[in-house]
Amino acid sequence: MPLDIAIASAEMVPFAKVGGLADVAGALAKELDRFGHEVTVFLPRYRGIHEERFPGLGLEKVGDIDIQVGGRVERAEIGAATVPGSGVRLILVGHDEFFDRDNPYVDPKTGKDWPDNAERFIFFNKAILESLRLLRWIPDVIHTNDYQTGLVPILLREAYSHEERYARVGTLFSIHNVGYQGIFPRDVLELIGLSEDLAGPTGPLEYWGKVNFMKAAILYADLVNTVSERYAEEIQSGNEYGFGLEGVLHGRRADLLGILNGIDAEVWDPASDPLIAANYEATSLSRKRENKIRLLESMELPVEPDVPLIGIISRLVDQKGFDLFEKIAAGLFRGRLKIVVLGSGQPRYEELLRSLRKKYPQKFAVALEFNDKLAHLIEAGSDFFLMPSKYEPCGLNQMYSLRYGTIPIVRATGGLADTVHDYEFETGKGNGFTFEDYTGEALLEAIKRALKLYQKKRPLKKLITEIMQIDHSWDTAARKYVAAYERAIAKRRA
Ligand code: ADP
């Protein structure tokens, strides 16, 4: 039976993207729409979301709502649009003071979180629920994502459930990264406007004297999921992965699922990708080489297409393993290889990469920016793709890499462990190279094995051809989400 599904997210491709959440929101919504469900996505109206940039949006004003945020009343301008090329309805929550900014979470000037993030996202959560009245629409389920929309379940239960129609709405909370929980000083409770008791000792919002949005979401959602099976296990196993919420997560283990993300197989298709230099398939791999040449040129590296090339695209944060990379860099660059990095983030890592560029200008190049086109070219033009993550909820780039015939080298954690299996030289089994221990030696050893395969032309070509056939499209994942929605709804209505 078709469902009425609301997806609440702080990011969505193509409108606003910081990381994997944007890809998930965009691709999942489209896939659910294709299955015949009624899908509405709620997104803040960030700077740059308008008709000129996104033809076909058809943005129309629905109305204004006054939202109480602590002692202040803030006006939410609710607009309705259609995600171009689909039947997905987009509800944009406008409030320029909060959302007319260059980055959803971080002030580009300071590199730090916007100081009013608690206020901004409290406002957004409240506006989502209030706009349902304006829209005269009650969904069967609200799918909330990460801390930015994590207050929806608690608000729904504590402030709306006296109305029968709201009491029947199921909620699913998806954790895309436990490393970002939305922990704020206790006084933001006043902005949320719920009872003090909820943030009292052992209360659902309380966290070491502060307020934790993600904790409340885990406790209040009918069902919780994260973005790979391995990560679902890891985050309840201890502090290293659970970041203090392991106990809360373990307490909800019966309602905690792992659903591996899919990839948008239309956007990430080497056969038709308009952002790369030459389109190719498993049967026309010589054209993949043209991408390598273009990539080397554009990164201002010597064009030596027979030298193995490793690509990295990543947020430059502790999670992504750049400290390991730093440890092995000197040893690594003694070998015959080249590495290109695209990323932006912590100044510490930006400096590291700049200094490596200076030291190894023939072998290493870096682009410190967010650049979607270059990301596609790196996927197409590299021989290997490196993700030495300390933890990785799902990871998308390793799946893009497989599709582009670019062999992933990854640390066996979270979604990386679920999607990349170590290559065996004897049997030819496996689809990439993995390492277990979070050490420089283990990483270096994995890269060396990858480079060894690069010398063996026939098995190399066989592996590339095989990995390009692996199906990671959203179809499977979206079916699992529908089953999760049905389970959340059934639980709520029981
Ligand atoms: P995370 O969500 O932790 O950032 P994922 O691998 O799940 O990691 O998703 C990251 C997404 O963001 C991928 O689609 C990746 O290509 C993209 N991305 C990350 N950094 C950049 C960048 N500097 N330029 C372009 N795309 C980027």
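**Exercise 1.** In this predicted model, find how many bridges join strand β1 to strand β2, and state which way the two strands run.

*Solution.* Step 1: locate β1 at residues 4–8 and β2 at residues 38–44. Step 2: count the bridges between β1 and β2; there are five. Step 3: compare directions; β1 and β2 run parallel. Step 4: pick out one residue of the pairing: A6 stands opposite T40 in β2. In general, strands of a sheet pair through backbone hydrogen bonds, either parallel or antiparallel.

**Exercise 2.** Place β1 and β2 in the sheet, and name the edge strands.

*Solution.* Step 1: write the order of the nine strands, which is β3-β4-β5-β2-β1-β8-β9-β13-β14. In this order β2 and β1 stand side by side, between β5 and β8. Step 2: look for strands that pair on one side only; these are β3 (60–69) and β14 (256–258), the edge strands. Step 3: describe the whole: the sheet is open and its pairing is mixed, with a twist that averages 25° from one strand to the next.

**Exercise 3.** Which strands does helix α8 lie across?

*Solution.* Step 1: find α8 at residues 229–237. Step 2: list the strands under the helix: β9 (170–175), β13 (223–226) and β14. Step 3: give the direction; α8 runs at about 140° to β14.

**Exercise 4.** Is S389 buried or exposed? Describe its surroundings.

*Solution.* Step 1: find S389 in the loop between β18 (384–387) and α15 (397–403). Step 2: the relative accessibility of S389 is 1%, so S389 counts as buried, the cut-off being under 20%. Step 3: list contacts of S389 beyond four places in sequence, including Q319, R411 and Y438. Step 4: add the polar contact between the side chains of S389 and E392, at 2.7 Å.

How values were computed. Residues numbered from 1 in each chain as written. Predicted model: local features only at pLDDT ≥ 70, side-chain atom pairs only at ≥ 80, totals over all residues. Heavy atoms only, no water. Pairing = 2+ DSSP bridges. Helix = DSSP H or I, 4+ residues; strand = E, 2+ residues; numbered from the N terminus. Axes fitted to C-alpha atoms, helices over the stretch in contact; angles between N-to-C directions. Contact = heavy atoms within 4.5 Å. Buried < 20%, exposed > 50% of the residue type's maximum accessible area, 1.4 Å probe, protein only. Polar contact = N/O pair within 3.5 Å; in protein donor to acceptor, adjacent residues only side chain to side chain.
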